[in-house]
Amino acid sequence: MLWNSELEAREQIKTLVGLYYEEFKKPQQKKIFEEGERIPYASRIYDEKEMCNLVDAALEFWLTAGRYTEEFEKKFSEYLGVKFCSLVNSGSSANLNAFMALTSHLLGERRINRGDEVITVAAGFPTTVTPIIQYGAVPVFVDVTIPQYNIDVTKLDAALSDRTKAVMVAHTLGNPFDLSIVKKFCDTHGLWLIEDNCDALGSKYTMNGEVKFTGTIGDIGTSSFYPPHHMTMGEGGAVYTDNPLLHKIIRSFRDWGRDCVCPSGRDNLCGNRFDKQYGELPVGYDHKFVYSHFGFNLKATDLQASVGCAQIEKFPSFVERRKHNFQRLRDGLRSVEDKLILPVACERSEPSWFGFLVTCRQGTDRNKIVQYIESKGIQTRMLFAGNLIKHPCFDEMRNSKEGYRVVGSLENTDRIMRDSFWVGVYPGMTDRMIDYMVMQIEKAVRL
């Protein structure tokens, strides 16, 4: 026999994984950048701890949500300073889970019904808006500002109707939207606020003299752990709240819509599994198979959570490096402010930047710049959908003029669609890489 116990075997295997990382993966991450090499807009940052956790979870072979999931939810809640966190399988699922929670009958008159309106923006990622449409509610689109690229809060009153139930918007590329005004608007009119925090994990905002993380100021916050994001599980996301009722509903929708709150794989922790009556079911029907919502299975696996448990320990250093990279880019590109509008942080905020977004001034050709710097190895991205309602998925609604509402013009949204692009600031970028990006962007705008 090679080992005296399973524990000894696992420890030896993890030791070998650590050696594998040192021999093969670490040199790839530590390679010195040479001019002309590809600079991606984002990349995973990890070491042997993530790999060892992943192998440990695989050897345990629980596979679905288990001890690593519980550990991550606890650590993530502690980091953000929120009471409740639910791990899910993606940021898009997190947005779905968050929105659907607000449709629950348990919320009484405040529930979102089909035909009710949700204020949002078209300049962003589609899955901030998709759950609204899929459910049959009505997204109400307002314009955004440049160079903050967030919801134009001066348009909120015009967007309000007697059917408005919520505001659901993202913090664009790490830059918080004006939470003080949006939160006050929601509180004044009894509206829910969902913060799509998928691109802004680690960003902070000062509200009433208190510094808080974005995602924790509204009723529900969401995060994504897709590889390009601030931290990664490969695939994964989270939904968080301080509201115990919303937490219960979020868990129900995440876990098939079931009524029971006992964790999967653990029976009768509540002690009431067989002694109550629900709906028109017989008394004593197994509570683990009672469904109070039409839910989903949005759970992540322990394999994903194990990676997240290692990532969360490194996360504060990721945020600091993103800030450093952003500032170095901004300082370097001041020389081309006559050609490019550089990004500006929201007042009272401390962004954990996801990207560096610029808008070309009149007479400056975005496509020419993008194609030039891409040819020099610098990866670029548009601001996701640009203007979502211009996409083919809106063709049917656009032709019928039903299913959504636009307040005023989307002038800045359209400009972003035409004239804006962004480059990365992920923590694996070195000063040498940033300076190369500055040099090539300067050349591109002067062509």
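1. Let's fix one term before anything else: a salt bridge here is a side-chain nitrogen of Lys or Arg within 4 Å of a carboxyl oxygen of Asp or Glu. Keep in mind, too, that this is a predicted model. With that settled, take Arg 405 and Glu 117, whose side chains meet in a salt bridge at 2.8 Å, N to O. The two come from distant parts of the chain, with Arg 405 in strand E13 and Glu 117 in strand E2 (residues 117–121), 288 residues apart. As for burial, Arg 405 is partly exposed at 26% relative accessibility, while Glu 117 counts as buried at 10%.

2. How many salt bridges does a search of the whole structure find? The count is 37. Another one to look at joins Asp 431 and Arg 321, where the closest N and O atoms are 3.0 Å apart. Asp 431 sits in helix H13 (residues 431–446) and Arg 321 in helix H9, so this contact ties together parts 110 residues apart in sequence. Both ends are partly exposed: Asp 431 has a relative accessible area of 27%, and Arg 321 has 25%.

3. Now go to the N-terminal end of the numbering. The side chains of Asp 56 and Arg 67 meet in a salt bridge of 2.7 Å, N to O. This pair links helix H2 (residues 48–60), which holds Asp 56, with helix H3 (residues 67–80), which holds Arg 67; the two residues are eleven apart. Is Asp 56 buried or exposed? Asp 56 counts as buried, because its relative accessibility is 5%. Arg 67, on the other hand, is partly exposed at 37%.

4. Asp 56 and Arg 67 also belong to something wider. Salt bridges with shared partners join Glu 6, Arg 10, Glu 11, Lys 14, Asp 56, Glu 60 and Arg 67 into one network. Arg 67 has an aromatic contact as well, lying over the face of Tyr 68 at 4.4 Å from the ring centre. A second arginine to check is Arg 110, which lies over the face of Trp 192, 3.7 Å from the ring centre.

5. On to the aromatics, of which the structure holds 19 pairs. One of them is Tyr 20 with Phe 24, a tilted pair with 5.2 Å centre to centre and 45 degrees between the planes. Both residues lie in helix H1 (residues 6–30), four residues apart, or about one turn of the helix. Tyr 20 is partly exposed at 40% relative accessibility, and Phe 24 is partly exposed at 47%.

6. Phe 141 and Tyr 404 make another pair. Their ring centres are 6.1 Å apart with the planes at 65 degrees, so the pair is edge-to-face. This one links distant parts of the chain: Phe 141 is in strand E3 (residues 138–142), and Tyr 404 is in the loop between helix H11 (395–400) and strand E13 (405–406), 263 residues away. Phe 141 and Tyr 404 are both buried.

7. There is an aromatic cluster to colour in as well. Ring pairs link Tyr 41, Phe 125, Phe 354, Phe 384 and Trp 422.

8. On the surface, have a look at Trp 256, Tyr 285, Phe 289 and Tyr 291. These four form a nonpolar patch with about 440 Å² of accessible area together. Where is Tyr 291 placed? Tyr 291 is in the loop between helix H8 (244–254) and helix H9 (302–332). With a relative accessible area of 47%, Tyr 291 is partly exposed.

9. Last, the cysteines. The model has zero disulfides, the cut-off being 2.5 Å between cysteine sulfur atoms. Why does Cys 262 not bond with Cys 260? The sulfur of Cys 260 is the closest cysteine sulfur to that of Cys 262, but at 3.8 Å it is too far for a bond. Cys 262 is buried, with 3% relative accessible area. For Cys 309, the closest cysteine sulfur is in Cys 85, 11 Å off, which is again too far for a bond. Cys 309 counts as buried as well, at 3% relative accessibility.

Methods
Residues numbered from 1 in each chain as written. Predicted model: local features only at pLDDT ≥ 70, side-chain atom pairs only at ≥ 80, totals over all residues. Heavy atoms only, no water. Patch = residues over 30% accessible without salt bridge, like charges linked within 9 Å, V, L, I, M, F, W, Y side chains within 5 Å. Areas by Shrake-Rupley, 256 points an atom, 1.4 Å probe, with all protein chains shown as cover. Buried < 20%, exposed > 50% of the residue type's maximum accessible area, 1.4 Å probe, protein only. Phe/Tyr/Trp six-rings, centres within 6.5 Å; stacked < 30°, edge-to-face > 60°. Lys NZ or Arg CZ within 6 Å of the ring centre and 35° of its normal.
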